[in-house]
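Reader: I am in my first year and still learning to read structures like this one. Could you take a close look at a single part for me, and also explain how that part fits into its surroundings?

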Amino acid sequence: MEKRSKNRLVVVTVIILGLLAILLYSATRGGNNLSYFKTVTEINNDSTLIGKSVRVGGKVIPKTIVKSGTKATFKITDSKNQITVTYNGALPATFADNIQVIAEGTYKKKGLVEAESLVTKCPSKYENQPIVTK
Amino acid sequence: MTYLGYIALVLAAIAAVSAVTLLYVRSGRTGSPEHQMKLPYQMVYAIFGFVTLACLILLYGFIAKVYSFDYVAANSSADMSLFYRISAFWAGQEGSFLLWLWFVSGAAALIAYLRSHVYDVLTSNALMVMSAVQAFMLAFMLVLGNPFKIAAVTVGLGINPLLLHWAMVLHPPTLFMGYALMTVPFAYALAALLTGDASPAWVERSQRWTLVGWLFLSLGIFLGAAWAYVVLGWGGYWGWDPVENASLLPWLGATALLHSFHIYRQRQSFKRWAVSMSVFAFFMVIMAAFMTRGGIVQSVHSFEGTTAILVYYAAVIVTVLGVTGYLLFNRWQAFESKHIFQSYLSRDAVYHINNILLIFCSLIILVGAFLPQITKQTVGAGVYSAIAQPLGIVLLFLISVCPLLSFGETNLMKFGRRALVPGVIALVSAVPWYFYWKSLEAMVKSVNPTQVLPANGWLGYVGFVVATFAIAAACQIYGSKIRQRMQSGEGLAAAVGGFFMKTPGQAGGFITHLGLAIVVIGLIGSSMYTVSLSKTLADKKGASFSAGKMKFTYQGYEQTKGTGKEINTTVFKVVDENGHALRNAEPAYIYYTVREQPGMNADVIIQPFRDIFMVFQGINNSNQLIFEVKINPLISFVWAGSILLILGVIIAVVPKRPGAPAK
């Protein structure tokens, strides 16, 4: 490859990578983005998380689901501790007692997560293995 | 019975190891006389034969309901129809792995067959690599993922009822076919490195396989999205969920690969790129399998019980990257490209930028998937969207500008002439798009005043205009290609026919790009301006609510019992904003009695420019019925564009001469 071609190649590549870096930086700033992935026990024991974005997984404790209006409140557990989750919006099709869910939202106060998104485990057999809890 | 299946796999593994050894000894860099090559090729058939046998045994287990097969018992039950029992073959981990392996061994056997009249060194090396891949897969199955385990139970547990849907039946085998075919370019790339043959021969031999693989990957993603939209009841089709992201990885890799191939053949350049992209696409297949199967996706839990699988994948990754890295280093000079980057304003430059962007996208997804394991931070859908929206628009722009440029250096005057019409069309379209864009925002506000409008809405507007440019540019290329043919004396019909028949690669490629532009319009509408509204109603006929100026009036509900499920269907009269009565909406809430699991049958009123999506979510504690209504603007553009995109590939794949053997 002649030298000038090589220079062009390097210039274009560097510019593109620079732009991508800016894009990446701006996309990961702000509240809705990177959130801390925690277990129920970790959240309960860490009051510094209050007010922050969290993502927490656990099993829905049977008979704790209360639907009022379009809002659902329920408790999830990691088999040691439990935490209350509120969620306003469409519940996933597979949402029910004893289902493993991941709630993502704000840790409002001790023992309460206000979820903005709620994901049940994808209902594919691949992930239907028995749940291993720590 | 189960022993027989396992024995078939052991025999397949023995055949695979012999095939690798024989091919290594006898093909080398120069090959051996014809009579010596027969046996190794027969070994390649033998792997396929034994794997087929194993598949048939497992299939027999499902058809004859043999629950002493642990895998059969775990994935099917006696009350399932034959069709769904057969599809349960790939409902679980071990079976889908076996199916994937079967596709790989089928592809290898077919290549061996098609290339057995004249043995070429490149193909025998490629077959060696494919046999090695199969040996690795067989090792996994024999030790960690045996589909022929013996069960302790005597009844089948059945399948998750949400998976009993035609799209979900077809989705896994389609994806696995795509995964399997990505082995072919990888094998040929390694063969090219092993033999030092930097001519386009290896690209010619693997390009069509890659194209078919890309077709299957696209179809697989499409089926998964369609299923999620219809069955999961949340009114979306893409949520940047790790499983969805995993399916995107090989697709991005394969897209970059196909474009590198094109340039390799056209220009004898991008050689190292093409080799690296072949490996990259294959690597992405491994990562996708790892993400969905290796425990990463189940990151709610931990890695417990999967250490062996983790070690296995690590070994595979190290082997793949180590071997190719070493070979590429050795052949660095041989794969030097001649013409690259004679000018900034050239097709070559755009291809280069495109490749970088595609790799960037895959790496972001990859890092996003593994970040929770490393820093305990998760990457939310917001991050992916914030990256994908601008990048998607830039990519679409590059795609549409690319054919207007020339290879090497572009004459500015020529470029201006080519870009003039699409440019003017795009500029003119900016006015109606502006009003349409504003009307989308107004629609969101009127249906649900509390919903926040996207902050980067202007990007959506820009995207609409860029997509129009892309569509106009694609049409312009069609026009000019057909005109060229007509100027050389062909009639209109003959020119159109000739363009599609004689240059199917070009004709199909542009249809694919056209489809992509339409998909982007649909994505902007249905991802940025979907509005949802949750409502509760008393169970009383005549109760109603409105979404914007649309009105939904409750007519009552009906309970029916099916096998293993109770269906509660509600009926709504729907009147649109102009006072026209649409068809009744009948969203249903289903309760699966066997698995004690709810499901939702959403009802979707499909209109050309929007879907009205309605879900019945059950009853709350004060005995009110809960509903969610979603307006999804332009979603039909996503489906229509995808179909066009897939059609384009089919046109490109169809052999140039009918009846000619596939390359």
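Author: In this predicted model, the C-alpha centres of domain 1 and domain 2 of chain A lie 41 Å apart. The domain assignment places domain 1 of chain A at residues 1-30 and domain 2 at residues 36-127. Chain A has two helices and seven strands, and if you follow the chain from its N terminus, these elements come in the order α-β-α-β-β-β-β-β-β. Of the 134 residues in chain A, 33% count as buried, and among its contacts with a separation of 6 or more, 48% are between residues 24 or more positions apart.

One residue of chain A shows what such a contact looks like from within a loop. N81(A) sits in the loop between β4 (71-77) and β5 (82-88) of chain A, and its C-beta has 16 others within 10 Å, a count that falls between the limits of 12 for exposed and 20 for buried, so N81(A) is partly exposed. Although N81(A) and N44(A) are 37 residues apart in sequence, their C-alpha atoms are 7.8 Å apart in space. Once the neighbours within four places in sequence are left aside, N81(A) is in contact with V40(A), T41(A) and N44(A).

With that as background, let us turn to chain B and to the part I would like you to look at closely, strand β9. For chain B, the domain assignment gives domain 1 (1-164), domain 2 (169-232 + 245-297 + 305-333 + 352-370) and domain 3 (531-637). Strand β9 of chain B covers residues 610-619, and because eight of its 10 residues are buried, this strand is largely enclosed by the rest of the structure.

Now follow the strands with which β9(B) pairs, beginning with strand β8 of chain B, which covers residues 603-607 and pairs with β9(B) in the antiparallel sense over five bridges. A hairpin of two residues leads from β8(B) into β9(B), and as one example of the pairing, D603(B) has M614(B) in β9(B) as its bridge partner. The other pairing to follow joins β9(B) to strand β10 (residues 625-633) of chain B, where the two strands run antiparallel and are linked by nine bridges. Here V615(B) stands opposite E628(B) in β10(B), and in the hairpin, which has five residues between the strands, N623(B) takes a positive phi near 60 degrees. As you trace these strands on the screen, it helps to remember that in a regular strand the side chains alternate between the two faces of the sheet.

A further strand of chain B, β7 (residues 597-601), holds M600(B). This residue has 25 C-beta neighbours inside 10 Å, and since 20 are enough, M600(B) counts as buried. M600(B) and L162(B) are 438 residues apart in sequence, yet their C-alpha atoms are 9.3 Å apart in space.

That pair leads to the question of how domain 1 and domain 3 of chain B meet. The C-alpha centres of these two domains lie 45 Å apart, and four residues of domain 1 of chain B are in contact with seven residues of domain 3 of chain B. On the domain 1 side of this contact, the residues divide into two nonpolar, one polar and one charged.

To complete the surroundings, consider some helices of chain B. Helix α1 (residues 2-27) has 26 residues, which at 1.5 Å a residue should span 38 Å, and the 37 Å between its end C-alpha atoms agrees with this. Just after α1(B) comes G28(B), with a positive phi of about 50 degrees. Within helix α1 of chain B lies A16(B), which is buried, with 29 other C-beta atoms within 10 Å. Apart from residues up to four places away in sequence, A16(B) touches I47(B), S131(B), Q134(B), A135(B) and L138(B); A16(B) and F136(B), which are 120 residues apart in sequence, are 9.2 Å apart from C-alpha to C-alpha. In helix α2 (residues 34-63) of chain B, the 30 residues should span 44 Å, and the end C-alpha atoms, 43 Å apart, agree. Helix α13 (residues 347-375) of chain B has 29 residues and reaches 40 Å, close to the expected 42 Å, although α13(B) bends by about 35 degrees at A369(B), with the proline P372(B) following within four residues.

Note on methods:
Residues numbered from 1 in each chain as written. Chains lettered and ligands numbered in written order. Predicted model: local features only at pLDDT ≥ 70, side-chain atom pairs only at ≥ 80, totals over all residues. Domains from an automatic or database assignment. Contact = placed C-beta atoms within 7 Å. Nonpolar A, V, L, I, M, F, W, Y, C, P; charged D, E, K, R; others polar. Expected span 1.5 Å × (residues − 1). Bend = angle between axes of the 7 residues up to and from the residue. Pairing = 2+ DSSP bridges.
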